[in-house]
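Work through the exercises below with the sequence and the model side by side. Try each task before reading its solution.

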Amino acid sequence: MFKKKLFRLGMALICVFSVLFLVNALSFADELGDIQAAIKAKGVKWNAEKTSVSRLSPEERKMRLGLILHAPAPEEEALTNQEAVSSGLTSLSGGSLDWRTYAGNLSIPPGNYVTPVKDQGNCGSCWAFATTAALESYALLHSLNSYPLDDLSEQVLISCGRSGSCRGGYIDSASDFIHNTGLPSESCYPYMASNGKCKNACLNWGQNAYKIANWAWVATTTPTVDAIKSALNTYGPLVTTMNVYTDFFYYKSGVYQYASGKYQGGHAILIVGYDDSGSPPYFIVKNSWGTGWGDSGYFKIAQSELSSKVLFGQWTIAYKLL
């Protein structure tokens, strides 16, 4: 009798979970259909499909975000347009730039100055991934080492940096830590997708840390396309921020412009280039959601999204030499 009751209970649970799975699948199908319809109705030029992130639950999706903002203090340094124009790594001519396939000039040889896409997982650590990615590009551009650059440790930034946690963090505080203390190689403290403890990092990691000489705001609340393009040419890849809406989880290819969906949270990412000849003109951006999302982990976003509800480009940071 007991075994029969247990069997019936098991069958009932299977039925319940099956119904929940079906309802969830239908809900996601409706969500994707609504987004695709909105894209068509608005005439924007990007493709929405199921992605590794869109398949997650609403709670797990929000774990892929994690940006916390606060206004810069009056004494914090901001770049001037004249500074960016006068000290560039490269030139604004040509209307495009991609630091993954840089053609080279007298001071910077041809090459890829962007490290591979990573996956922050179920941890609101976008702030750590964006700033670490910027440090990695900075190190490649300025040859901070005499041996091949390792991936650098986001986990040290999360566990030791006091700039945030898996519940979110600050790109400016993280940049201060990267300037003052620096980050060691990934092998020193591999990423855990959890807060971790600083004592678990390798011994004396600060002695082998990569640092930046300085950092400054490219833009705060009033970004411009020209300022971001100029800073990209002058300093290399830039940390920036955006508002994420539901449709962004389904981005697969094309030039993203907001189509539909509710606000999900703030996100930090890395701008690695732009193309003014695109239709529409766009920026090229590295995300931290793995290669199963977007265009192998990257996305293109219309330059016009600087002035949309997406607020792309607000709170943009450049890592620079003194």
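The exercises that follow deal with disulfides, salt bridges and the nonpolar core.

This is a predicted model, in which local features need pLDDT of at least 70, side-chain atom pairs count only at pLDDT 80 or more, and totals for chains, interfaces and linings use all residues. Residues are numbered from 1 along each chain as its sequence is written, and side-chain values use heavy atoms, with hydrogens and water left out.

**Exercise 1. Find the disulfides and state their pattern along the chain.**

Begin with the rule: a disulfide is a pair of cysteine sulfur atoms within 2.5 Å. In chemical terms, a disulfide is a covalent bond between the sulfur atoms of two cysteines.

Applying the rule gives 3 disulfides. One of them pairs C123 with C166, with 2.0 Å between their sulfur atoms; another joins C160 to C198, with an S to S distance of 2.1 Å; and C188 is bonded to C202, with the sulfur atoms 2.0 Å apart.

Counting the bonded cysteines along the chain then gives the pattern 1-3, 2-5, 4-6.

**Exercise 2. For each disulfide, work out the handedness, the parts of the chain that are tied together, and the burial of the two cysteines.**

Two definitions are needed here. Helices (H or I, at least four residues) and strands (E, at least two) are DSSP runs, numbered from the N terminus. Buried means under 20% relative accessible area, exposed means over 50%, and partly exposed lies in between (1.4 Å probe, protein chains only).

Take C123 and C166 to start with: the torsion about their S-S bond is about -90 degrees, so this disulfide is left-handed. C123 sits in the loop between β2 (96–98) and α4 (126–142), while C166 sits in the loop between β3 (164–165) and β4 (168–169), so the pair ties together parts that are 43 residues apart in sequence. Both C123 and C166 are buried.

Turn next to C160 and C198, where a torsion of about 105 degrees about the S-S bond makes the disulfide right-handed. This pair links distant parts of the chain, 38 residues apart, with C160 in helix α5 (residues 154–160) and C198 in the loop between α6 (171–180) and β5 (214–219). C160 is buried because its relative accessible area is 13%, whereas C198, at 32%, counts as partly exposed.

In the link of C188 and C202, the value about the S-S bond is -95 degrees, and the link is left-handed. Both C188 and C202 lie in the loop between α6 and β5, and the parts they tie together are 14 residues apart in sequence. C188 has a relative accessible area of 9% and is therefore buried, while C202, with 31%, is partly exposed.

**Exercise 3. Why does C126 form no bond with the closest cysteine sulfur?**

Look for that sulfur: it belongs to C123 and is 9.3 Å from the sulfur of C126, which is too far for a bond. As for its surroundings, C126 has 0% relative accessibility and so counts as buried.

**Exercise 4. Locate the salt bridges of E31 and K118, and decide which residues form a network.**

The rule is that a salt bridge is a side-chain nitrogen of Lys or Arg within 4 Å of a carboxyl oxygen of Asp or Glu. The structure holds 5 salt bridges.

E31 pairs with R61, their closest N and O atoms being 2.9 Å apart. Since E31 lies in helix α1 (residues 2–42) and R61 in helix α2 (residues 58–62), the pair ties together parts that are 30 residues apart in sequence. E31 is partly exposed, with a relative accessible area of 23%, but R61 is buried at 3%.

K118 forms a salt bridge with E136, at 2.8 Å between the closest N and O atoms. K118 is in the loop between β2 and α4 and E136 is in helix α4, 18 residues apart.

K118 also forms a salt bridge with E154, at 2.7 Å between the closest N and O atoms. E154 lies in helix α5, so this pair ties together parts that are 36 residues apart in sequence. K118 is buried, with a relative accessible area of 16%, and E154 is buried at 2%. Through shared partners, the salt bridges join K118, E136 and E154 into one network.

**Exercise 5. Which residues have the most contacts inside the largest nonpolar core?**

A nonpolar core is a set of buried Ala, Val, Leu, Ile, Met, Phe, Trp, Tyr and Cys residues joined through side-chain atoms within 4.5 Å. The largest such core has 90 residues, and those with the most contacts inside it are F283, F312 and Y319. Helix α4 gives the most to this core, with 10 residues.
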